Structures are given as C-alpha cells and as structure tokens.
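User: I am new to this structure and would like to go through it by question and answer. Please show it before we start.

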Amino acid sequence: MQVRSTITREDLAEIIEIEGEGDYIYDHDLQVTEHDGYVVVLLDKLRGVVKSHDNPGNLVGDGLRGRVELYILHAKSEFRSLKLRIVSQPGAAFRLTIGYVRKTATDLQKELPCKLCKAACKLTLTVILASLGIPYLSPEGADAGMDLTTFQDQIRPILEDPQALAYRAVAELLTQTGLLGALRVALELVGWIWDIEERFYTFACSKAGCCP
C-alpha cells in the first residue's frame, strides 16, 4: 500500500489530492455545510480493480464511464451528501481529488493565491474533460502530454459558455470559478497541448491575474 496526499487550502477554497496504490480502503462522508458553495469529487481509476460505493449522479460523459467518477454537491440541489468509499485491490492505483469552494467565493481568479489557482485550474479543466467524456492524462502519458486539438470543437463552446454543458451542476461550478477565460487563452497559446507540468498552470494563472 502506498498513499500520497496534497492539501492546498485557503479561506475561499481547499483542494485535496490523494494518490493510492495497492491494497487500500478510503472511507469518508462528504456533505455540503453552511460554508460550502460546492464540493467537487473526482475519482480516477488509473489501474487494476478500484471499486467505489454505488453513488447516484455520476456526471462523467459516456467515453469515461467505468474509469472516472465525478460528483458535485451543491447546497441548492438535493445531492448534498456523499458516502465515499474506495476499495483499491493489490496492483491497482487511483487518484482522488476533492475540492471545496466556499459560497462566499464569487470570482476565484481575483481572490486566489497563485498556488491554489494552479490547483483550481487543473481541477476545472479536468472536470470539463470528464463531463464531456474526453479521455485525459494518465501517468503513462504525462511526459508527452495530451493533444486536445481533435477535441477543440467540443471544448471551446464550454470555455465560452458553460451553460452549453448537459449537466447543470457542472455549468454552475465552472461559472463560479471564473477561470474559464484564463484556461481558454492558455490552451490557445500552447497549441491545445495539455500536460500536468507546472508551466501550463503557471501560464493560465498569470492570465487569471493570480501569478506575476
């Protein structure tokens, strides 16, 4: 069993990233509190057998179902709590991202420090790809990055108007972050090649005004 976790926290938002390998069980009850505007849960089943509790409302597009789970809890909707249970068997691996966005955060790009802005940009773009059912970075492809040029016609309308998405909860979340414009500019200027290296997110955050 091997588990790595990273927590990026500020008053307006918190992003927790957990990477697990091998025989492991993760149990956590999530619910929207009076402080949260949204709670985002993104589970990537990277390798082997990774089972999760059968939760309602998986917002992932058809192309990724079975490999990725996406849940958005919102105080205005009925989906306000989630019993998250992940069981990873020997030889398996998963990546779990949990993001808390406070209800007082109306435009994150104007209020976040650089480090958290980068994590928020990463989560925002991944949520878009997952909800569209577009396969995104795996550990094996991380060095080369991902060529998104063939998906431009699907992604561009969402960056310009998130209401074009089929899932209302995703659209509301993306509108709340205020980061779509910065991501759109970053993708255009780097030729729609997305990687997980620091340079892409630093560039996006500079366009959002969070990085110098």
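User: Which residues does asparagine 58 touch, not counting residues up to four places away in sequence?

Analyst: This is a predicted model, in which local features need pLDDT of at least 70, side-chain atom pairs count only at pLDDT 80 or more, and totals for chains, interfaces and linings use all residues. Residues are numbered from 1 along each chain as its sequence is written, and side-chain values use heavy atoms, with hydrogens and water left out. Contact means heavy atoms within 4.5 Å. With residues up to four places away in sequence not counted, asparagine 58 touches Arg65, Val68, Glu69, Leu70 and Tyr71.

User: Is asparagine 58 buried or exposed?

Analyst: Asparagine 58 sits in the loop between strand 5 (50-52) and strand 6; strands are DSSP runs of E, at least two residues, and helices runs of H or I, at least four, numbered from the N terminus. Buried means under 20% relative accessible area, exposed over 50% and partly exposed in between, with a 1.4 Å probe and protein chains only. The relative accessibility of asparagine 58 is 17%, so this residue counts as buried.

User: Which helix gives the largest share of the largest nonpolar core?

Analyst: A nonpolar core is a set of buried Ala, Val, Leu, Ile, Met, Phe, Trp, Tyr and Cys residues joined through side-chain atoms within 4.5 Å. The largest one has 48 residues, and Leu70, Tyr136 and Trp194 have the most contacts inside it. Among the elements that each supply at least two residues of this core are strand 6 (68-74), helix 1 (114-132) and helix 5 (198-208). The largest share, 11 residues, comes from helix 1.

User: Why do cysteine 121 and cysteine 117 not form a disulfide?

Analyst: A disulfide is a pair of cysteine sulfur atoms within 2.5 Å, and a search of the whole structure finds zero of them. Cysteine 121 is buried, at 0% relative accessibility, and cysteine 117 is buried with a relative accessible area of 0%. The closest cysteine sulfur to that of cysteine 121 is in cysteine 117, and it is too far for a bond, at 4.1 Å.

User: How many residues apart in sequence are the parts tied together by tyrosine 24 and phenylalanine 94?

Analyst: Rings of Phe, Tyr and Trp (its six-membered ring) pair if their centres lie within 6.5 Å; planes under 30 degrees apart count as stacked, over 60 as edge-to-face and the rest as tilted. One aromatic pair is found in the whole structure: the rings of tyrosine 24 and phenylalanine 94 have centres 6.0 Å apart and planes at 20°, so the pair is stacked. Tyrosine 24 lies in strand 3 (residues 24-31) and phenylalanine 94 in strand 8 (residues 93-102), so the parts tied together are apart in sequence by 70 residues.
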